[in-house]
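Subject: Two-chain model for your files

Hello,

Please find the model below. My notes on it follow.

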Amino acid sequence: MNRASAQVQIHGWLLLLPAAALLALFTHYPALATLWHSLHSTPKGVRPAVWVGLDNYRGLVEDPVFWQVLGNNLWFAAGTIPASIALALLMAVWVNGKISGRGFLRLAYFTPTVLPMIAVANIWLFFYTPTYGLLEQFTVGLLGLPSHNWLGTKSTVLSCLIVVTIWKEAGFFMIFYLAALQAIPPSLGEAAAIEGAGRWYCFRRVTFPLLMPTTLFVLVNAVINSFRLVDHIVVMTRGGPDNASSLLLYYIYDVGFKFWDSAYASTLTMVLLAILGTAAILQFAFLERRIHYR
Amino acid sequence: MSAISLQDVTKLWGSARAVDGVSFEAAAGRFLVLLGPSGCGKSTTLRLIAGLEEVSSGRVKIGDADVTGLPPARRRISMVFQSYALFPHLSVAENIVFGLRVRDVPVGERAARLAKVAGLLGLEKLLERRPSQLSGGQQQRVALGRAIIAETPVCLMDEPLSNLDAQLRQEMRREIRALQQKLGITMVYVTHDQTEAMTMADQVVLLRDGRVEQNGTPDELYGRPANVFAARFIGTPPMNVIAGVPGIGEDRLLGVRPEDVRLDARGLPATVEAVEYLGADSIVTCRAGGDLVNARVARHARAVPGERVCLAWNTDAVHLFDARTGKRIQ
């Protein structure tokens with residue numbers, strides 16, 4: 001190798017170095033360290049961590065709370081992902097049309113995303129408060145139904161969180177759909193109209209396929225978000241009652257920083273990573289082939 | 001019977017009149033060109049015929065039917081867009097049969113019509129490709145295919161050749177014209193390029209500021225321009241319009257085509273400003289009083305800039321216009 005090309009090589013590596021160092025330090029190393037910790041026992045003051053192999057994973061399989069939390073999370077994902085994406089698409093199509101006050105509408109839809117999560121959770125906490133909360137004022141005050149503790153009942157608490165999350169996410173995803181819709185030339189819609197396509201047909205065969213790259217992006221984000229919700233739970237329910245609203249990441253937080261069982265928290269984290277990784281691979285593998293990128 | 005007729009059609013954008021009382025008719029099977037400079041309302045007129053915009057007042061008729069209030073799908077038209085508007089996620093074949101699928105044409109007939117159109121346009125080998133894998137000329141053909149497979153009596157085209165290079169444009173010009181005559185379609189074709197208008201049209205409607213300046217055959221537009229605007233718009237270089245020529249009257253303008261002007265021993269005194277050699281002939285640009293006058297001279301003109309010459313023409317080549325209204329006299 002001559003000197004000039006060596007210099008180019010060094011240049012390239014130097015340019016890569018900052019990003020590579022950050023990635024390695026804050027992404028790759030923690031991931032590997034977590035794997036390492038999950039194969040050891042939790043260190044205590046008198047006893048350092050010892051190698052336990054897959055013992056932690058065996059414990060996980062036998063942990064009923066883990067299965068409950070995983071179940072909660074799957075329901076939560078099933079409840080939030082399709083609904084928030086569908087709602088985002090609907091709102092985007094609507095505010096993309098020629099309606100008066102659409103700038104205001106776009107802003108209104110985006111507001112939930114701008115608000116801090118903790119503030120949002122507190123607002124919704126008020127909505128769900130028994131007797132004098134907004135929801136109760138409607139159901140009890142107006143409809144005369146019996147009072148109900150929405151966040152304090154096992155059967156309703158998860159649904160309440162799902163509603164908050166959809167409200168929060170839909171506006172955010174709408175922005176992506178709106179940007180994608182505006183990138184579609186209006187002449188495509190006009191051409192379809194001249195060929196006799198109605199609005200629904202045009203949406204189904206032209207607009208929606210052209211939005212597929214955005215849908216994939218939004219879907220990946222929605223899946224990740226549904227598995228990493230913590231803030232709302234901390235403020236609104238702390239996982240209760242009886243773990244009915246505890247999701248995977250909140251459970252990890254509980255195990256790691258309340259019970260100080262770092263080895264088991266690492267084990268749970270590996271499971272979460274595996275779930276998200278598999279989901280991302282599946283999404284790309286199945287959808288990629290059906291997507292047209294411009 | 002006329003295939004298309006516009007009666008006093010007006011389109012307002014706010015208070016601006018994009019199309020201002022336009023009326024014309026096109027007979028069935030004719031090639032009508034809407035010609036004019038950019039911003040003259042020609043594309044808007046086409047979109048009004050297509051139903052993509054609503055008229056502010058006036059009527060649009062296609063065939064026997066008054067389609068003024070009808071949506072585009074029910075006007076029995078097809079359209080080729082300037083940007084082609086091909087669906088980027090669909091194959092060439094799917095693009096072409098898009099409208100047939102919308103209208104639930106049976107699979108067998110769809111395939112037969114696709115094969116016929118593909119053969120007509122030389123697209124047989126490209127049917128499985130995506131639009132992004134085609135050249136500009138091929139995309140143009142696909143857009144044409146999508147328009148003609150519908151077999152509608154009327155086809156609208158909005159500057160379809162403006163994205164092609166000069167060579168291809170010339171080819172496509174001939175091809176579109178041949179196709180139109182072969183299929184007997186009534187064509188409404190928008191362009192700002194007067195060469196396209198002259199070479200393709202049966203009938204030219206010249207527009208300016210939303211109004212019809214002249215409506216006639218290419219021969220009429222070239223041979224008898226109705227006003228100074230038409231005279232100066234048609235022809236490369238366009239007609240010379242000269243003010244203050246002795247013997248024609250103060251309030252009149254004299255028009256004469258460059259090919260009718262010759263450099264002579266006697267006539268209108270002028271000074272040569274520039275000589276443009278085109279091969280077969282040269283354009284000699286002269287200044288006579290306040291006006292520039294072009295003369296088309298065979299072969300390579302020997303005049304040099306600064307030289308004093310006299311410009312002459314035959315009296316039967318003269319067009320006279322009213323200096324105040326710009327209208328043709330006689």
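A:Arg199 lies in helix α9 (residues 199-210) of chain A; helices here are DSSP runs of H or I with at least four residues, strands are runs of E with at least two, and both are numbered from the N terminus. A:Arg199 is exposed, because 12 other C-beta atoms lie within 10 Å. The cut-offs are 20 or more other C-beta atoms within 10 Å of a residue's own for buried, 12 or fewer for exposed, and partly exposed in between, with C-beta atoms placed from the backbone. From A:Arg199 to A:Gly12 the distance is 51 Å, C-alpha to C-alpha, with their positions 187 residues apart in sequence.

This is a predicted model, in which local features need pLDDT of at least 70 and side-chain atom pairs count only at pLDDT 80 or more, while totals for chains, interfaces and linings use all residues. Residues are numbered from 1 along each chain as its sequence is written, and chains are lettered from A and ligands numbered from 1 in the order in which they are written.

Helix α8 (residues 186-194) of chain A has as its buried residues A:Ala191, A:Ala192, A:Ala193 and A:Ile194. These pack against α9 of chain A, and also against α1 (42-50) and β6 of chain B. Just after α8(A), A:Gly196 has a positive phi of about 100 degrees.

On the chains as wholes: chain A has 13 helices and 0 strands. Its radius of gyration is 24 Å, well over the 19 Å that the globule rule gives for 294 residues, so chain A is more spread out than a compact globule. (The radius is taken over C-alpha atoms, and the rule is 2.2 Å times the number of residues to the power 0.38.) The C-alpha atoms of chain A fill a box of roughly 80 × 75 × 30 Å along the principal axes, and 28% of the 294 residues count as buried.

Chain B has 9 helices and 19 strands. Its C-alpha trace spans about 75 × 45 × 35 Å along the principal axes, and 41% of its 330 residues count as buried.

Where the chains meet, 17 residues of chain B are in contact with 16 residues of chain A, contact being C-beta atoms, placed from the backbone, within 7 Å. On the chain B side, the elements that give two or more residues are β6 (77-80) and α3 (98-102). That side divides into 12 nonpolar, 4 polar and 1 charged; Ala, Val, Leu, Ile, Met, Phe, Trp, Tyr, Cys and Pro count as nonpolar, Asp, Glu, Lys and Arg as charged, and the others, Gly among them, as polar.

The largest nonpolar core (buried Ala, Val, Leu, Ile, Met, Phe, Trp, Tyr and Cys residues joined through C-beta atoms within 7 Å) has 149 residues, of which A:Ala88, B:Val33, B:Leu156 and B:Val188 touch the most other members. Helix α7 (residues 154-183) of chain A gives the most to this core, with 13 residues. Apart from neighbours within four places in sequence, B:Val188 has contacts that include B:Ile4, B:Ala26, B:Leu46 and B:Leu156.

Finally, chain B has an open antiparallel sheet of 4 strands in the order β11-β12-β18-β19, where pairing requires at least two DSSP bridges between two strands. The edge strands are β11 (240-243) and β19 (328-329), each pairing on one side only. Strand β11(B) is joined to β12 (residues 252-256) by 4 bridges, and B:Ile242 stands opposite B:Leu254 in β12(B).

Regards

Key: Contact = placed C-beta atoms within 7 Å.
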